[in-house]
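Got your viewer open? Load the model and keep the selection box handy, and we'll hop from stop to stop.

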Amino acid sequence: MAQNAQQQAMMDKKLYDMAKSMEDALDDELHRMNNMDQDDLENIRRKRLESMKGDQDKRKKFLAMGHGELRDLQDEKEFFSEMKGENMMVVHFYRNNWPCKVMDMHLDLLSKKHLETKFAKIDAEKSPFLTERLKIWMLPTLALVSKEKIMDYVVGFDDVGGSDDFPTEHLRLVLASKNMIDYHGDDAETDARRSTYEKTTEVVDKKNLRKGGGNLVLGSDDEDSDFD
């Protein structure tokens, strides 16, 4: 009993010290603010306005470059054209099916939240040269582009939990970890949005994809499916 009381007392003291430290820091900040003169306040206001103007200028620049939406690239030529000058670009190789529509939904949401990154999609069946060159073997696949180079991939749904019923926040964190978006926290609004499509992944049949047929096996568990 005595030992438990001693442990409780030590815990109470730690909590008190933490609360006191936070209170002292708050008092210091309030003291600093209360002692600001007019010049200090004007300086803070000026810096804030400059920051807002800089954000607006960036927004206009990004929108002019085609950011802020999920762009549907019509062919391989447009892919190479769109990637020029981009520091961060996410390209969805897709086919017109449910799993790819799930990915499109999440990418469309993220494209509007992260103007610093260009988001695009391209039909894998209509781009056999590009699909072969980039060794795209499963749909959906995200190619992550920086300065005209493919830096990494997000293949299927494994990185977001292995199911198509994942919150946008999971994909957001994956892209942030791969330096494709500027993001360091969570977003309750995005996290609350979930897809309701049935669980499935799809594996591309390389031979038919080259011909434009693109057989995809719904609900496939075949992890060995590739281009070999």
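In which sense do strand β5 and strand β6 pair, and over how many bridges? Select residues 141–146 for β5 and 149–155 for β6: the pairing is antiparallel, with six bridges. Bear in mind that this is a predicted model.

Now zoom to the turn. The two strands make a hairpin with two residues between them, and Lys147 in that turn has a positive phi of about 55 degrees. For a pair across the hairpin, pick Thr141, which sits opposite Val155 of β6.

Next, click Ala143. Its bridge partner in β6 is Tyr153, while Val91 stands opposite Ala143 as well. Val91 takes you to strand β2, so to speak: select residues 89–94, which run antiparallel to β5 and are joined to it by five bridges.

Stay on β5 and show side chains. In a regular strand they alternate between the two faces of the sheet. Here Thr141, Ala143 and Val145 point one way and Leu142, Leu144 and Ser146 the other. Six of the six residues of β5 are buried, so the strand is largely enclosed by the rest of the structure.

Jump to helix α6, residues 168–177. Seven of its 10 residues are buried, among them Glu169, Arg172 and Leu175. Just past the helix, Asn179 has a positive phi of about 60 degrees.

Last stop: the surface. Select Asp37, Asp39, Asp40 and Glu42, which gather in a patch of negative charge. Glu42 belongs to helix α2, residues 38–64, and is partly exposed, at 39% relative accessible area.

Key
Residues numbered from 1 in each chain as written. Predicted model: local features only at pLDDT ≥ 70, side-chain atom pairs only at ≥ 80, totals over all residues. Heavy atoms only, no water. Patch = residues over 30% accessible without salt bridge, like charges linked within 9 Å, V, L, I, M, F, W, Y side chains within 5 Å. Areas by Shrake-Rupley, 256 points an atom, 1.4 Å probe, with all protein chains shown as cover. Salt bridge = Lys/Arg side-chain N within 4 Å of Asp/Glu carboxyl O. Lys, Arg positive; Asp, Glu negative; His and termini not counted. Charge placed at Lys NZ, Arg CZ, Asp CG, Glu CD. Helix = DSSP H or I, 4+ residues; strand = E, 2+ residues; numbered from the N terminus. Buried < 20%, exposed > 50% of the residue type's maximum accessible area, 1.4 Å probe, protein only. Pairing = 2+ DSSP bridges.
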